[in-house]
Amino acid sequence: MPSLSVFGAQWGDEGKGKVIDLLADRVHVVVRYQGGANAGHTVVVDGQKWILHLIPSGILHPGIVNVIAAGVAVDPITLLGEIDGLMKRGVDVTPRNLRLSASAHVIFDQHKRLDALNERWKGEGRIGTTGRGIGPCYADKASRTGLRIGDLLDPAHCAARLRANLAEKNALIERVHEEVPMDVEELVSRYTAVGKRLAPFVTDTGAELRAAWRAGKELLFEGAQGVMLDLDHGTYPYVTSSSTGPGGIPSGAGVPPQAIGRSIGIAKAYCTRVGEGPFPTELMDAEGERLRAAGHEYGSTTGRPRRAGWFDAVAMRYTLSLTGADGWVMTKLDILGGFGPLKIGVAYHRDGERFTEWPSHLSSFDGLEVEYEDHPGWPEDIAAVRRMEDLPEACRGYVARLEELVGVPVVMLSVGAERDAVLSRGL
Ligand code: GDP
(Lines give C-alpha, C1' and ligand atoms only; values in the text may rest on other atoms or scores of the structure.)
Protein backbone atom coordinates (compact mmCIF):
# COMPACT_ATOMS: atom_id res chain seq x y z
CA MET A 1 0.00 0.00 0.00
CA PRO A 2 1.39 3.47 -0.80
CA SER A 3 1.68 6.10 1.93
CA LEU A 4 -1.68 7.40 2.98
CA SER A 5 -3.37 10.27 4.76
CA VAL A 6 -6.50 9.40 6.74
CA PHE A 7 -8.43 12.38 8.02
CA GLY A 8 -11.86 13.34 9.35
CA ALA A 9 -14.05 14.72 6.57
CA GLN A 10 -16.78 16.11 8.87
CA TRP A 11 -16.62 17.66 12.37
CA GLY A 12 -14.50 14.95 13.99
CA ASP A 13 -15.46 11.67 15.71
CA GLU A 14 -16.03 10.01 12.34
CA GLY A 15 -14.49 6.71 13.45
CA LYS A 16 -10.95 7.45 12.24
CA GLY A 17 -9.43 5.38 15.05
CA LYS A 18 -11.07 2.22 13.82
CA VAL A 19 -10.06 2.76 10.19
CA ILE A 20 -6.48 3.66 11.09
CA ASP A 21 -6.21 0.62 13.33
CA LEU A 22 -7.42 -1.51 10.43
CA LEU A 23 -4.89 -0.03 8.00
CA ALA A 24 -1.95 0.12 10.41
CA ASP A 25 -0.94 -3.46 9.59
CA ARG A 26 -0.27 -2.47 5.99
CA VAL A 27 2.27 0.31 6.77
CA HIS A 28 5.58 0.72 8.62
CA VAL A 29 4.90 3.96 10.45
CA VAL A 30 1.77 5.69 11.82
CA VAL A 31 2.13 9.45 12.36
CA ARG A 32 0.11 12.00 14.35
CA TYR A 33 0.88 15.45 12.89
CA GLN A 34 -1.53 17.93 14.59
CA GLY A 35 -3.97 18.42 17.42
CA GLY A 36 -3.68 17.40 21.01
CA ALA A 37 -5.10 15.00 23.52
CA ASN A 38 -8.71 16.02 22.98
CA ALA A 39 -8.97 13.60 20.11
CA GLY A 40 -10.12 10.40 21.73
CA HIS A 41 -9.80 7.69 19.10
CA THR A 42 -11.75 4.57 19.98
CA VAL A 43 -10.55 1.20 18.76
CA VAL A 44 -12.26 -2.12 19.55
CA VAL A 45 -10.19 -5.29 19.16
CA ASP A 46 -11.58 -8.70 20.13
CA GLY A 47 -14.26 -7.07 22.26
CA GLN A 48 -11.69 -4.98 24.14
CA LYS A 49 -12.08 -1.21 23.94
CA TRP A 50 -9.07 1.11 23.70
CA ILE A 51 -9.29 4.88 23.80
CA LEU A 52 -6.15 6.54 22.47
CA HIS A 53 -5.69 10.25 23.01
CA LEU A 54 -2.20 11.08 21.80
CA ILE A 55 -0.50 7.85 20.83
CA PRO A 56 -1.23 6.80 17.24
CA SER A 57 -3.59 3.84 16.82
CA GLY A 58 -0.74 1.77 15.32
CA ILE A 59 0.50 1.11 18.87
CA LEU A 60 -1.89 -1.86 19.09
CA HIS A 61 0.05 -3.60 16.29
CA PRO A 62 3.44 -5.08 17.17
CA GLY A 63 6.27 -3.94 14.90
CA ILE A 64 4.71 -0.63 13.81
CA VAL A 65 6.55 2.59 14.62
CA ASN A 66 4.28 5.31 16.01
CA VAL A 67 5.30 8.94 15.74
CA ILE A 68 4.03 12.00 17.57
CA ALA A 69 5.36 14.70 15.27
CA ALA A 70 6.29 18.36 15.70
CA GLY A 71 2.83 19.74 14.91
CA VAL A 72 1.15 17.98 17.84
CA ALA A 73 0.45 19.81 21.11
CA VAL A 74 1.61 17.30 23.70
CA ASP A 75 0.37 17.15 27.26
CA PRO A 76 3.30 15.16 28.70
CA ILE A 77 1.38 14.09 31.80
CA THR A 78 -1.48 12.69 29.70
CA LEU A 79 1.07 11.02 27.46
CA LEU A 80 2.80 9.31 30.38
CA GLY A 81 -0.59 8.20 31.71
CA GLU A 82 -1.43 6.76 28.30
CA ILE A 83 1.90 4.92 28.09
CA ASP A 84 1.43 3.49 31.59
CA GLY A 85 -2.20 2.52 30.84
CA LEU A 86 -1.20 0.64 27.68
CA MET A 87 1.72 -1.11 29.44
CA LYS A 88 -0.63 -2.21 32.23
CA ARG A 89 -2.90 -3.85 29.66
CA GLY A 90 0.03 -5.70 28.10
CA VAL A 91 0.88 -3.39 25.18
CA ASP A 92 4.63 -2.86 24.99
CA VAL A 93 5.44 0.84 24.58
CA THR A 94 9.16 1.42 24.10
CA PRO A 95 11.41 3.84 22.20
CA ARG A 96 11.31 1.26 19.41
CA ASN A 97 7.59 1.70 18.73
CA LEU A 98 6.95 5.23 20.03
CA ARG A 99 8.89 8.30 18.84
CA LEU A 100 8.19 11.77 20.18
CA SER A 101 9.30 14.96 18.41
CA ALA A 102 11.64 17.26 20.32
CA SER A 103 9.93 20.13 18.47
CA ALA A 104 6.36 19.34 19.59
CA HIS A 105 4.94 22.00 21.86
CA VAL A 106 4.13 21.22 25.48
CA ILE A 107 0.73 21.71 27.09
CA PHE A 108 1.19 22.79 30.70
CA ASP A 109 -1.33 23.15 33.52
CA GLN A 110 -1.51 26.90 32.89
CA HIS A 111 -2.81 26.21 29.37
CA LYS A 112 -5.60 24.01 30.69
CA ARG A 113 -6.45 26.55 33.35
CA LEU A 114 -6.58 29.37 30.80
CA ASP A 115 -8.62 27.25 28.40
CA ALA A 116 -11.40 27.12 31.01
CA LEU A 117 -10.97 30.75 32.10
CA ASN A 118 -11.04 32.02 28.49
CA GLU A 119 -14.28 30.15 27.86
CA ARG A 120 -15.77 31.65 31.02
CA TRP A 121 -14.62 35.11 29.90
CA LYS A 122 -16.28 34.66 26.51
CA GLY A 123 -19.60 33.67 28.11
CA GLU A 124 -22.24 33.30 25.39
CA GLY A 125 -19.53 33.56 22.73
CA ARG A 126 -17.68 30.49 24.00
CA ILE A 127 -16.36 27.96 21.50
CA GLY A 128 -17.08 24.83 23.52
CA THR A 129 -13.46 23.66 23.71
CA THR A 130 -12.61 20.38 25.40
CA GLY A 131 -10.67 22.31 28.05
CA ARG A 132 -7.44 20.38 27.45
CA GLY A 133 -5.29 23.48 26.96
CA ILE A 134 -4.68 22.87 23.28
CA GLY A 135 -5.76 26.33 22.03
CA PRO A 136 -3.69 28.25 24.63
CA CYS A 137 -0.67 26.01 23.89
CA TYR A 138 -0.86 26.72 20.15
CA ALA A 139 -1.36 30.43 20.98
CA ASP A 140 1.94 30.38 22.92
CA LYS A 141 3.59 28.58 20.02
CA ALA A 142 2.52 31.35 17.63
CA SER A 143 3.53 34.02 20.18
CA ARG A 144 7.00 32.40 20.50
CA THR A 145 6.54 32.02 24.27
CA GLY A 146 5.88 28.27 24.34
CA LEU A 147 8.15 25.41 25.39
CA ARG A 148 8.89 22.37 23.30
CA ILE A 149 9.39 18.78 24.36
CA GLY A 150 13.14 19.20 23.82
CA ASP A 151 13.16 22.06 26.35
CA LEU A 152 11.90 19.67 29.06
CA LEU A 153 15.10 17.65 28.78
CA ASP A 154 17.34 20.50 29.94
CA PRO A 155 16.19 21.30 33.51
CA ALA A 156 17.89 24.70 33.90
CA HIS A 157 16.77 25.96 30.50
CA CYS A 158 13.26 24.55 31.05
CA ALA A 159 12.95 26.22 34.45
CA ALA A 160 13.95 29.61 33.04
CA ARG A 161 11.54 29.48 30.11
CA LEU A 162 8.71 28.09 32.22
CA ARG A 163 9.17 30.84 34.82
CA ALA A 164 8.97 33.47 32.06
CA ASN A 165 5.86 31.86 30.58
CA LEU A 166 4.19 31.63 33.98
CA ALA A 167 4.95 35.24 34.89
CA GLU A 168 2.73 36.30 31.98
CA LYS A 169 0.08 33.63 32.59
CA ASN A 170 -0.14 34.39 36.30
CA ALA A 171 -0.62 38.08 35.53
CA LEU A 172 -3.58 37.12 33.34
CA ILE A 173 -5.00 34.67 35.86
CA GLU A 174 -4.75 37.13 38.76
CA ARG A 175 -5.49 40.47 37.18
CA VAL A 176 -7.87 39.64 34.36
CA HIS A 177 -9.64 36.54 35.62
CA GLU A 178 -9.23 37.40 39.32
CA GLU A 179 -8.24 33.87 40.28
CA VAL A 180 -5.47 32.30 42.38
CA PRO A 181 -2.12 32.21 40.51
CA MET A 182 -0.26 28.99 39.75
CA ASP A 183 2.59 27.77 41.95
CA VAL A 184 5.60 28.36 39.70
CA GLU A 185 8.18 26.26 41.53
CA GLU A 186 5.81 23.29 41.89
CA LEU A 187 5.23 23.34 38.13
CA VAL A 188 8.93 23.64 37.36
CA SER A 189 9.83 20.61 39.45
CA ARG A 190 6.90 18.47 38.22
CA TYR A 191 7.48 19.12 34.52
CA THR A 192 11.25 18.72 34.62
CA ALA A 193 10.66 15.32 36.27
CA VAL A 194 8.23 14.41 33.48
CA GLY A 195 10.88 15.39 30.92
CA LYS A 196 13.27 12.86 32.43
CA ARG A 197 10.76 10.03 31.99
CA LEU A 198 9.93 10.96 28.41
CA ALA A 199 13.57 11.49 27.36
CA PRO A 200 14.10 8.00 25.86
CA PHE A 201 11.27 8.57 23.36
CA VAL A 202 12.40 12.03 22.22
CA THR A 203 14.04 12.45 18.83
CA ASP A 204 14.06 14.42 15.57
CA THR A 205 10.97 12.71 14.16
CA GLY A 206 11.00 14.78 10.95
CA ALA A 207 14.47 13.47 10.04
CA GLU A 208 13.39 9.90 10.85
CA LEU A 209 10.22 10.19 8.77
CA ARG A 210 12.05 11.64 5.78
CA ALA A 211 14.62 8.85 5.98
CA ALA A 212 11.86 6.23 6.20
CA TRP A 213 10.06 7.74 3.22
CA ARG A 214 13.27 7.91 1.15
CA ALA A 215 13.89 4.25 2.01
CA GLY A 216 10.49 3.36 0.51
CA LYS A 217 8.70 2.67 3.80
CA GLU A 218 4.95 3.29 3.90
CA LEU A 219 3.69 6.03 6.18
CA LEU A 220 0.15 6.46 7.45
CA PHE A 221 -0.71 9.99 8.56
CA GLU A 222 -3.43 9.98 11.18
CA GLY A 223 -5.53 13.15 11.31
CA ALA A 224 -7.35 14.23 14.45
CA GLN A 225 -10.67 16.12 14.55
CA GLY A 226 -12.16 16.91 11.14
CA VAL A 227 -11.76 19.27 8.21
CA MET A 228 -14.86 21.29 9.16
CA LEU A 229 -12.89 22.16 12.34
CA ASP A 230 -9.75 23.18 10.44
CA LEU A 231 -8.26 26.43 11.75
CA ASP A 232 -8.17 28.07 8.30
CA HIS A 233 -10.92 26.34 6.37
CA GLY A 234 -13.41 25.29 9.02
CA THR A 235 -16.30 27.14 10.65
CA TYR A 236 -14.10 29.81 12.28
CA PRO A 237 -14.09 30.75 15.15
CA TYR A 238 -15.75 27.46 16.12
CA VAL A 239 -12.74 25.42 15.08
CA THR A 240 -9.77 23.65 16.54
CA SER A 241 -6.37 25.34 16.56
CA SER A 242 -4.54 23.28 13.91
CA SER A 243 -4.67 22.23 10.25
CA THR A 244 -6.68 19.02 10.37
CA GLY A 245 -6.57 17.84 6.75
CA PRO A 246 -3.68 16.49 4.66
CA GLY A 247 -2.62 20.14 4.20
CA GLY A 248 -1.31 20.02 7.76
CA ILE A 249 0.98 17.06 7.12
CA PRO A 250 4.06 18.62 5.52
CA SER A 251 4.43 21.28 8.22
CA GLY A 252 3.17 19.16 11.13
CA ALA A 253 5.19 16.03 10.33
CA GLY A 254 8.22 17.66 8.67
CA VAL A 255 7.97 15.75 5.40
CA PRO A 256 7.69 16.96 1.80
CA PRO A 257 4.15 17.09 0.35
CA GLN A 258 5.09 14.25 -2.03
CA ALA A 259 5.37 11.91 0.97
CA ILE A 260 1.60 11.98 1.54
CA GLY A 261 0.54 9.55 -1.17
CA ARG A 262 -3.20 8.92 -1.23
CA SER A 263 -5.72 10.85 0.87
CA ILE A 264 -8.76 9.14 2.33
CA GLY A 265 -11.52 11.02 4.16
CA ILE A 266 -13.58 9.38 6.89
CA ALA A 267 -17.22 10.32 7.34
CA LYS A 268 -20.23 8.90 9.10
CA ALA A 269 -23.39 7.99 7.18
CA TYR A 270 -24.91 10.92 9.11
CA CYS A 271 -23.34 13.91 10.90
CA THR A 272 -22.37 14.88 14.43
CA ARG A 273 -20.64 17.83 15.98
CA VAL A 274 -19.30 18.56 19.45
CA GLY A 275 -19.28 22.06 20.88
CA GLU A 276 -20.69 25.25 19.45
CA GLY A 277 -20.80 26.49 15.85
CA PRO A 278 -22.62 26.03 12.55
CA PHE A 279 -24.16 22.61 11.85
CA PRO A 280 -26.81 23.13 9.16
CA THR A 281 -28.34 19.62 9.14
CA GLU A 282 -28.58 19.32 12.94
CA LEU A 283 -31.71 17.60 14.25
CA MET A 284 -33.07 19.45 17.26
CA ASP A 285 -35.99 17.07 17.81
CA ALA A 286 -36.73 13.56 19.07
CA GLU A 287 -35.25 12.06 15.90
CA GLY A 288 -31.91 13.74 16.74
CA GLU A 289 -32.11 12.30 20.23
CA ARG A 290 -32.79 8.87 18.74
CA LEU A 291 -29.83 9.15 16.37
CA ARG A 292 -27.53 10.24 19.22
CA ALA A 293 -28.65 7.28 21.34
CA ALA A 294 -28.43 4.75 18.49
CA GLY A 295 -24.92 5.93 17.52
CA HIS A 296 -23.70 6.28 21.14
CA GLU A 297 -22.76 9.82 20.25
CA TYR A 298 -21.05 10.91 23.43
CA GLY A 299 -17.47 12.24 23.43
CA SER A 300 -14.88 9.53 24.12
CA THR A 301 -12.69 11.96 26.08
CA THR A 302 -15.23 14.33 27.62
CA GLY A 303 -18.46 12.24 27.66
CA ARG A 304 -20.27 15.28 26.23
CA PRO A 305 -23.39 14.51 24.16
CA ARG A 306 -22.68 15.19 20.49
CA ARG A 307 -25.10 17.17 18.35
CA ALA A 308 -26.52 14.85 15.67
CA GLY A 309 -28.13 15.34 12.27
CA TRP A 310 -28.51 14.16 8.68
CA PHE A 311 -25.68 13.67 6.21
CA ASP A 312 -24.64 17.01 4.75
CA ALA A 313 -23.57 16.53 1.13
CA VAL A 314 -22.68 20.22 0.73
CA ALA A 315 -20.20 20.22 3.61
CA MET A 316 -18.79 16.85 2.56
CA ARG A 317 -18.26 17.91 -1.04
CA TYR A 318 -16.37 20.90 0.34
CA THR A 319 -14.05 18.90 2.60
CA LEU A 320 -13.32 16.31 -0.09
CA SER A 321 -12.54 18.96 -2.68
CA LEU A 322 -10.40 20.97 -0.24
CA THR A 323 -8.29 17.91 0.55
CA GLY A 324 -8.26 16.34 -2.90
CA ALA A 325 -9.45 13.07 -1.37
CA ASP A 326 -8.98 10.00 -3.56
CA GLY A 327 -11.75 8.16 -1.74
CA TRP A 328 -13.70 8.06 1.49
CA VAL A 329 -14.76 5.57 4.10
CA MET A 330 -18.39 5.70 5.23
CA THR A 331 -18.65 4.66 8.88
CA LYS A 332 -21.57 3.79 11.16
CA LEU A 333 -23.87 2.85 8.31
CA ASP A 334 -25.32 0.19 10.64
CA ILE A 335 -26.67 2.91 12.94
CA LEU A 336 -29.20 4.09 10.32
CA GLY A 337 -31.04 0.72 10.29
CA GLY A 338 -34.64 1.37 11.39
CA PHE A 339 -34.52 5.08 10.59
CA GLY A 340 -36.44 6.49 7.69
CA PRO A 341 -37.20 8.13 5.51
CA LEU A 342 -33.58 9.27 5.57
CA LYS A 343 -32.78 12.83 4.64
CA ILE A 344 -29.70 14.12 2.84
CA GLY A 345 -28.80 17.83 2.91
CA VAL A 346 -28.19 18.83 -0.73
CA ALA A 347 -28.26 22.66 -0.68
CA TYR A 348 -28.86 25.63 1.61
CA HIS A 349 -31.17 28.59 1.21
CA ARG A 350 -31.25 32.06 2.69
CA ASP A 351 -32.94 35.26 1.59
CA GLY A 352 -33.85 33.83 -1.80
CA GLU A 353 -30.30 32.64 -2.50
CA ARG A 354 -29.54 28.92 -3.02
CA PHE A 355 -26.09 27.61 -2.03
CA THR A 356 -24.94 24.32 -3.51
CA GLU A 357 -21.33 24.89 -2.38
CA TRP A 358 -20.21 25.40 1.23
CA PRO A 359 -20.68 29.15 1.87
CA SER A 360 -17.32 29.85 3.60
CA HIS A 361 -17.77 33.55 3.00
CA LEU A 362 -20.80 33.92 5.29
CA SER A 363 -20.05 35.56 8.61
CA SER A 364 -23.06 33.88 10.18
CA PHE A 365 -25.16 30.84 9.37
CA ASP A 366 -28.23 32.19 11.17
CA GLY A 367 -31.43 31.66 9.23
CA LEU A 368 -29.87 29.23 6.76
CA GLU A 369 -32.44 26.62 5.62
CA VAL A 370 -31.40 23.22 4.35
CA GLU A 371 -32.88 21.68 1.21
CA TYR A 372 -33.27 17.95 1.82
CA GLU A 373 -33.68 14.99 -0.43
CA ASP A 374 -35.62 12.03 1.03
CA HIS A 375 -34.33 8.52 0.76
CA PRO A 376 -36.04 5.28 1.81
CA GLY A 377 -34.60 3.67 4.94
CA TRP A 378 -34.17 -0.03 5.69
CA PRO A 379 -35.40 -1.91 8.76
CA GLU A 380 -32.70 -4.62 8.73
CA ASP A 381 -29.69 -4.78 11.05
CA ILE A 382 -26.69 -4.80 8.71
CA ALA A 383 -23.96 -5.23 11.35
CA ALA A 384 -23.13 -8.78 10.20
CA VAL A 385 -23.07 -7.98 6.45
CA ARG A 386 -19.65 -8.18 4.76
CA ARG A 387 -20.50 -8.01 1.05
CA MET A 388 -22.16 -5.20 -0.90
CA GLU A 389 -24.64 -7.55 -2.57
CA ASP A 390 -25.93 -8.64 0.87
CA LEU A 391 -26.90 -5.12 1.90
CA PRO A 392 -30.62 -4.22 1.66
CA GLU A 393 -31.40 -2.54 -1.65
CA ALA A 394 -32.38 0.77 -0.01
CA CYS A 395 -29.06 0.79 1.84
CA ARG A 396 -27.08 0.22 -1.35
CA GLY A 397 -29.11 2.99 -2.97
CA TYR A 398 -28.30 5.36 -0.07
CA VAL A 399 -24.56 4.69 -0.39
CA ALA A 400 -24.68 5.15 -4.17
CA ARG A 401 -26.60 8.42 -3.84
CA LEU A 402 -24.15 9.89 -1.30
CA GLU A 403 -21.26 8.85 -3.50
CA GLU A 404 -22.90 10.54 -6.48
CA LEU A 405 -23.66 13.73 -4.54
CA VAL A 406 -20.12 14.17 -3.21
CA GLY A 407 -18.42 13.00 -6.40
CA VAL A 408 -15.74 10.85 -4.70
CA PRO A 409 -15.88 7.03 -4.46
CA VAL A 410 -16.61 5.23 -1.20
CA VAL A 411 -13.64 2.86 -0.80
CA MET A 412 -14.84 1.12 2.35
CA LEU A 413 -18.01 0.83 4.42
CA SER A 414 -17.97 0.30 8.16
CA VAL A 415 -20.93 -1.42 9.82
CA GLY A 416 -19.73 -1.93 13.39
CA ALA A 417 -17.06 -0.94 15.91
CA GLU A 418 -15.06 -4.18 15.55
CA ARG A 419 -11.98 -4.33 13.31
CA ASP A 420 -13.56 -6.79 10.86
CA ALA A 421 -16.94 -5.03 10.56
CA VAL A 422 -16.16 -3.58 7.13
CA LEU A 423 -17.05 -4.00 3.47
CA SER A 424 -14.03 -3.23 1.35
CA ARG A 425 -14.50 -1.52 -1.99
CA GLY A 426 -10.88 -1.18 -2.94
CA LEU A 427 -9.26 -0.05 0.32
P1 GDP B 1 -12.59 9.10 15.94
O2 GDP B 1 -12.12 10.14 16.88
O3 GDP B 1 -12.82 9.63 14.57
O4 GDP B 1 -11.76 7.86 15.96
O5 GDP B 1 -14.05 8.67 16.41
P6 GDP B 1 -14.51 8.20 17.88
O7 GDP B 1 -13.65 7.15 18.34
O8 GDP B 1 -14.72 9.38 18.75
O9 GDP B 1 -15.98 7.70 17.54
C10 GDP B 1 -16.25 6.61 16.80
C11 GDP B 1 -17.04 5.64 17.65
O12 GDP B 1 -17.80 4.82 16.81
C13 GDP B 1 -16.18 4.68 18.43
O14 GDP B 1 -16.82 4.32 19.60
C15 GDP B 1 -16.02 3.48 17.50
O16 GDP B 1 -15.77 2.27 18.18
C17 GDP B 1 -17.38 3.47 16.87
N18 GDP B 1 -17.42 3.00 15.49
C19 GDP B 1 -16.52 3.23 14.50
N20 GDP B 1 -17.00 2.74 13.33
C21 GDP B 1 -18.23 2.22 13.60
C22 GDP B 1 -19.24 1.61 12.80
O23 GDP B 1 -19.12 1.48 11.58
N24 GDP B 1 -20.39 1.23 13.44
C25 GDP B 1 -20.58 1.40 14.77
N26 GDP B 1 -21.73 1.00 15.31
N27 GDP B 1 -19.65 1.98 15.56
C28 GDP B 1 -18.50 2.38 14.97
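In what sense do strand β5 and strand β7 pair, and over how many bridges? Strand β5 (residues 65-68) runs parallel to strand β7 (residues 98-101), and three bridges hold the pairing. Two strands count as paired if DSSP finds at least two bridges between them. Before we go on, please keep in mind that this is a predicted model, in which local features need pLDDT of at least 70, side-chain atom pairs count only at pLDDT 80 or more, and totals for chains, interfaces and linings use all residues. Residues are numbered from 1 along each chain as its sequence is written, and side-chain values use heavy atoms, with hydrogens and water left out.

**The sheet and a helix on it**

Within the β5 and β7 pair, Ile68 stands opposite Leu100 of β7. Both strands belong to an open sheet of ten strands with mixed pairing, in the order β9-β7-β5-β2-β10-β1-β11-β15-β19-β20. At its edges are β9 (202-203) and β20 (422-424), each of which pairs on one side only. Helix α12 (residues 393-406) packs on this sheet and touches β15 and β19 (410-414). The direction of α12 makes about 140° with that of β15; axes here are lines fitted to C-alpha atoms, for helices over the stretch in contact, and angles run from 0 to 180 degrees between N-to-C directions. Contact means heavy atoms within 4.5 Å. The element names follow DSSP runs, numbered from the N terminus: helices are H or I with at least four residues, strands are E with at least two.

**Helix α4**

In helix α4 (residues 134-143), the buried residues are Ile134, Pro136, Cys137, Tyr138 and Asp140. Buried means under 20% relative accessible area, exposed over 50%, and partly exposed in between (1.4 Å probe, protein chains only). These buried residues of α4 pack against β6 (73-74), β8 (105-106), α3 (109-122) and α6 (155-176). Arg144 follows α4 and has a positive phi, near 65°.

**Backbone points to look at**

Most residues other than glycine have a negative phi, and most peptide bonds are trans. Here are some places in the model to check against that background.

| Place | Feature | Value |
|---|---|---|
| Tyr236 and Pro237 | cis peptide bond, omega | about 5° |
| Gly340 and Pro341 | cis peptide bond, omega | about 0° |
| Gln225 | positive phi | near 55° |
| Lys332 | positive phi | about 60° |

Pro237 sits in the loop between β10 (219-226) and α9 (249-254), while Gln225 is in strand β10. Gln225 counts as buried because its relative accessibility is 9%. The loop between β15 (327-331) and β16 (342-350) holds Pro341, and Lys332 is found in the loop between β15 and β16 too. With a relative accessible area of 23%, Lys332 is partly exposed.

**Pocket and cavity**

Both terms rest on a 1 Å grid over the protein atoms alone: a cavity is a set of points where a 1.4 Å probe fits but cannot get out, and a pocket is an open set with protein on both sides within 12 Å along at least five of seven lines; lining residues have an atom within 4 Å of a point. Grid points are joined across faces, edges and corners, and a volume is the space filled by probe spheres set on the points.

The second largest pocket has a volume of about 350 Å³. Its lining has 21 residues, with Thr235, Tyr236, Pro278, Ser363 and Phe365 nearest its centre. Tyr236 also takes part in the cis peptide bond with Pro237.

The whole structure has one cavity of 30 Å³ or more. Ala9, Gln10, Trp11, Met228, Cys271, Asp312, Ala315 and Met316 line the largest cavity.
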